[in-house]
Amino acid sequence: MRTSPTSRIVSPALLALAATAALASAPALAADNVKIGLLSTLSGPGAGLGVDIRDGFQLAVKLNGGKLGGLPAEVVVADDQASPDVGRQTADRLVKRDKVDFMTGVVFSNVMLAVGAPTFAAKTFYVSANAGPSQYAGEQCNPYFFNVAWQNDNLHEAVGKTVTEKGFKKVALIAPNYPAGKDALAGFKRFYKGEVASETYTQLNQLDYGAEISKLRAAKPDAVYIFLPGGLGINFIKQFVGAGLSKDMTLFGPGFSADEDVIKAVGDPMLGMFNSSQWAHDMDNAANKVFVAEFEKAYGRLPSLYASQGYDAARMIDAAVRDVKGKLDDKAAVRKALAAAKFDSVRGAFKFNTNQYPIQDYYLRVITRDSKGRVTNRTLGKVFSNHTDAYAASCKMPAL
């Protein structure tokens with residue numbers, strides 16, 4: 001029996017369905033290049049932090065011959081001005097108009113929380129080179145967000161433990177009034193066992209600390225813990241020492257309140273200040289030696305932890321693009337490759353927890369003079385080994 005001509009007619013709807021199925025089953029093709037949206041704070045009091053992240057990231061690309069994962073790399077740099085509104089709008093442009101494959105660079109957690117929405121909605125992976133808000137570590141964890149630096153609380157937890165072990169009984173706490181500031185002091189108090197003499201939250205763009213200095217003078221703590229990054233820390237430390245408080249109160253901070261950007265601006269008054277970090281320029285591993293030497297050669301200054309995190313973010317993306325053989329449309333494979341973190345970090349060994357934040361070691365550093373007469377950090381020893389953040393248990397990681 002012959003089939004009638006009309007029985008062989010296939011409807012347009014069926015053709016469309018077949019085409020969609022064929023497209024879905026087609027293997028992902030390797031991209032011609034990889035595009036990175038590097039959105040960071042490049043103006044205002046926090047500019048030094050964003051500049052260091054940018055410089056560290058771009059150094060890694062340069063040393064890689066201008067490529068990431070074997071593909072030509074284009075880095076689109078933009079300034080978020082430390083503004084959540086500017087950050088969100090710029091991120092939206094980067095993922096929609098510029099169609100970047102990865103995002104990175106944000107310094108401040110309030111900006112990161114704003115940037116996350118358009119980035120995740122566009123199914124674009126974000127590799128954080130700094131901001132590690134507790135929200136993304138816990139209940140708002142997202143399969144498109146990886147933090148290659150730390151969770152906000154972690155460095156503060158290390159100092160809280162150290163201050164307790166050194167026998168300080170009465171400590172005053174100061175941090176900016178924004179998400180990372182709240183995380184900071186929560187982290188410190190999680191491991192500090194003494195009395196909190198005062199807990200002060202300042203404006204994020206504040207540079208005059210006269211009122212806070214007077215409050216410290218009245219409270220008479222035996223130690224002061226500050227989380228004041230970039231220009232905030234520079235101004236506070238100068239005013240703290242200038243007011244003579246350093247004679248009676250020992251100053252502590254996390255690495256980002258006592259790193260090379262702050263040391264360069266303040267100098268000798270910072271000698272003897274203890275701080276914590278997951279990285280230091282004197283770490284003795286091959287990847288770090290190359291990074292420090294090449295950074296000094298390229299920029300004429302010692303790298304900060306921000307620069308090290310920017311550098312590691314680029315190397316992590318490089319490894320992931322390499323491992324998926326440039327097939328960036330295969331989101332599940334890219335996520336798996338990012339999670340594997342198959343690169344040599346400048347901090348040494350680390351791995352990702354289930355919330356895609358690091359499990360790593362944290363160290364105590366002190367500001368001193370090195371053999372070249374420079375005021376800089378020296379690593380004293382390890383505070384935590386394979387330390388995890390306090391929020392991972394609350395993360396119910398969604399599927400892609």
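## Ala91 and its setting in a predicted model

Leaving aside neighbours within four places in sequence, Ala91 touches Leu39, Met103, Val115, Pro118 and Thr119. Ala91 belongs to helix α3, which spans residues 84-96, and with a relative accessibility of 0% it falls under the 20% limit and therefore counts as buried. Leu59, by contrast, is not in that list of contacts; the C-alpha atoms of Ala91 and Leu59 are separated by 23 Å, with these positions 32 residues apart along the chain.

The model is predicted, and its confidence should be read before its geometry. The average pLDDT of the chain is 93, and 93% of the residues score at least 70. Residues 1-10, however, have a pLDDT below 50, and this stretch makes two contacts in the model beyond near neighbours in sequence.

### The chain as a whole

The chain contains 13 helices and 14 strands. For 400 residues, a compact globule would be expected to have a radius of gyration near 21 Å, and the value of 24 Å found for the chain agrees with this. Along the principal axes, the C-alpha atoms fill a box of roughly 105 × 40 × 35 Å. Of the 400 residues, 55% are buried, while the accessible surface comes to about 16500 Å², with 52% of that area belonging to carbon and sulfur atoms. When contacts between residues at least 6 apart in sequence are considered, 71% of them join residues that are at least 24 apart.

### Strand pairing

Six strands make up an open sheet with mixed pairing, and their order is β2-β3-β1-β4-β5-β6. The edges are taken by β2 (67-68) and β6 (145-147), each of which has a single partner strand, so that one side of each is left without a neighbour in the sheet. Within this order β1 stands beside β3, and these two strands run parallel, joined by seven bridges; Ser40 has Asp79 in β3 as its bridge partner.

Another parallel pair is formed by β7 and β8, which are also joined by seven bridges, with Val196 of β8 as the bridge partner of Val171. Together with helix α7 (residues 179-191), β7 and β8 make a right-handed β-α-β unit.

The two parallel pairs are set side by side below.

| Strand pair | Residue ranges | Bridges |
|---|---|---|
| β1 and β3 | residues 34-40 and residues 71-79 | seven bridges |
| β7 and β8 | residues 170-176 and residues 195-202 | seven bridges |

### Positive phi angles outside glycine

Most residues other than glycine have a negative phi. Which phi value does Gln81 have? Its phi is near 60°, a positive value in a residue other than glycine. Gln81 is placed in the loop between β3 and α3, and its relative accessible area of 48% makes this residue partly exposed.

Asn386 likewise has a positive phi, of about 45°, although it is not a glycine. Asn386 is found in strand β14, which covers residues 375-387, and at 54% relative accessibility this residue lies over the 50% limit and so counts as exposed. Gln81 is thus a loop residue, whereas Asn386 sits in a strand.

Definitions and conventions:
Residues are numbered from 1 along each chain as its sequence is written. This is a predicted model: local features need pLDDT of at least 70, side-chain atom pairs count only at pLDDT 80 or more; totals for chains, interfaces and linings use all residues. Side-chain values use heavy atoms; hydrogens and water are left out. pLDDT is the predictor's confidence in each residue, from 0 to 100. Contact means heavy atoms within 4.5 Å. Two strands pair if DSSP finds at least two bridges between them. Helices (H or I, at least four residues) and strands (E, at least two) are DSSP runs, numbered from the N terminus. A crossover is right-handed if, with the strands pointing away from the viewer, the path from the first strand over the helix to the second runs clockwise. The radius of gyration is taken over C-alpha atoms; the globule rule is 2.2 Å times the number of residues to the power 0.38. Buried means under 20% relative accessible area, exposed over 50%, partly exposed in between (1.4 Å probe, protein chains only). Accessible areas come from the Shrake-Rupley method with a 1.4 Å probe; for residues, only the protein chains shown count as cover.
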